[in-house]
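Please find below some comments on the model that you sent round. They are set out as numbered points, to be read beside the coordinates.

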Amino acid sequence: DRWVITSAFAILERQLESGPPPTGVFAINVSGASIGDEAFLDFVQAQFVRHSVPYTSVCFEITETTAVASLTRATQFMTTLRGLGCRFALDDFGVGVSSFTYLKHLPVDYLKIDGSFVKDMLHDRVNYAMVEAIHRIGHIMGKKTIAESVESTAILDALRTIGVDYAQGYAIAKPAIFGQ
């Protein structure tokens, strides 16, 4: 995680130096090991300063399982960086046993609906209902929703009908190398 953050911030710094600021927010996944590391928050804050990256240009993604396993430390990490302008996404949402229970306590901006529900939502009524439920509760709580594993235009159309805010997957774009 430290290498990824240092490398990503160096690329963002170069982009900022060479022209207008990049559009959008850059998402960076953070592992449970890093969230559990007492020195990680200080490291991340130092990288923002070192590379002059605006806090508002970064969204950290933390899996639901990680957030729940390290609830106190994850909440501290999120609260501190959100206070500076970062955004947070709860990744793989819906696969954890206590998804909705802990959601009220986590300061996140986005819920990433787990791809296991999204992939088969057109052929499985329960998966469709899960996507609807996660989206609805997320919106009631003031969070934006992102559907993972959107692999067809038919799924994308269904997500639009439900009102899901964002989608990620091959129906949107194939993965590309960052910074090129």
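The points that follow take up the basis of the model, its cysteines, helix 1, the largest pocket and Ser34.

1. This is a predicted model, in which local features need pLDDT of at least 70 and side-chain atom pairs count only at pLDDT 80 or more, while totals for chains, interfaces and linings use all residues. Residues are numbered from 1 along each chain as its sequence is written, and side-chain values use heavy atoms, with hydrogens and water left out.

2. The structure holds 0 disulfides, a disulfide being a pair of cysteine sulfur atoms within 2.5 Å. The sulfur of Cys59 has its closest cysteine sulfur in Cys86, at 8.7 Å, which is too far for a bond; Cys86, correspondingly, is in no disulfide. Both residues are buried (under 20% relative accessible area, with exposed meaning over 50% and partly exposed in between, for a 1.4 Å probe and protein chains only): Cys59 has a relative accessible area of 5%, and Cys86 has 3% relative accessibility.

3. Helix 1 covers residues 2–17, and its 16 residues should span 22 Å at 1.5 Å a residue, which agrees with the 22 Å between its end C-alpha atoms. The expected span is 1.5 Å times one less than the number of residues, and helices (H or I, at least four residues) and strands (E, at least two) are DSSP runs numbered from the N terminus. The buried residues of helix 1 are Ile5, Ala8, Phe9, Ala10, Ile11 and Leu12, and they pack against strand 1 (26–30), helix 3 (40–51) and strand 2 (58–63).

4. The largest pocket has a volume of about 940 Å³; a pocket is an open set of points on a 1 Å grid over the protein atoms alone, where a 1.4 Å probe fits, with protein on both sides within 12 Å along at least five of seven lines, and its lining residues have an atom within 4 Å of a point. The volume is the space filled by probe spheres set on the points. Of the 30 lining residues, Val25, Phe26, Ala27, Glu61 and Gln168 are the closest to the centre. Helix 1 gives the most to this lining, with 6 residues, and the elements that each supply at least two residues include strand 4 (110–113) and strand 6 (166–167).

5. Ser34, found in helix 2 (residues 32–36), counts as buried at 10% relative accessibility. Leaving aside neighbours within four places in sequence, Ser34 is in contact (heavy atoms within 4.5 Å) with Asp1 and Phe40.
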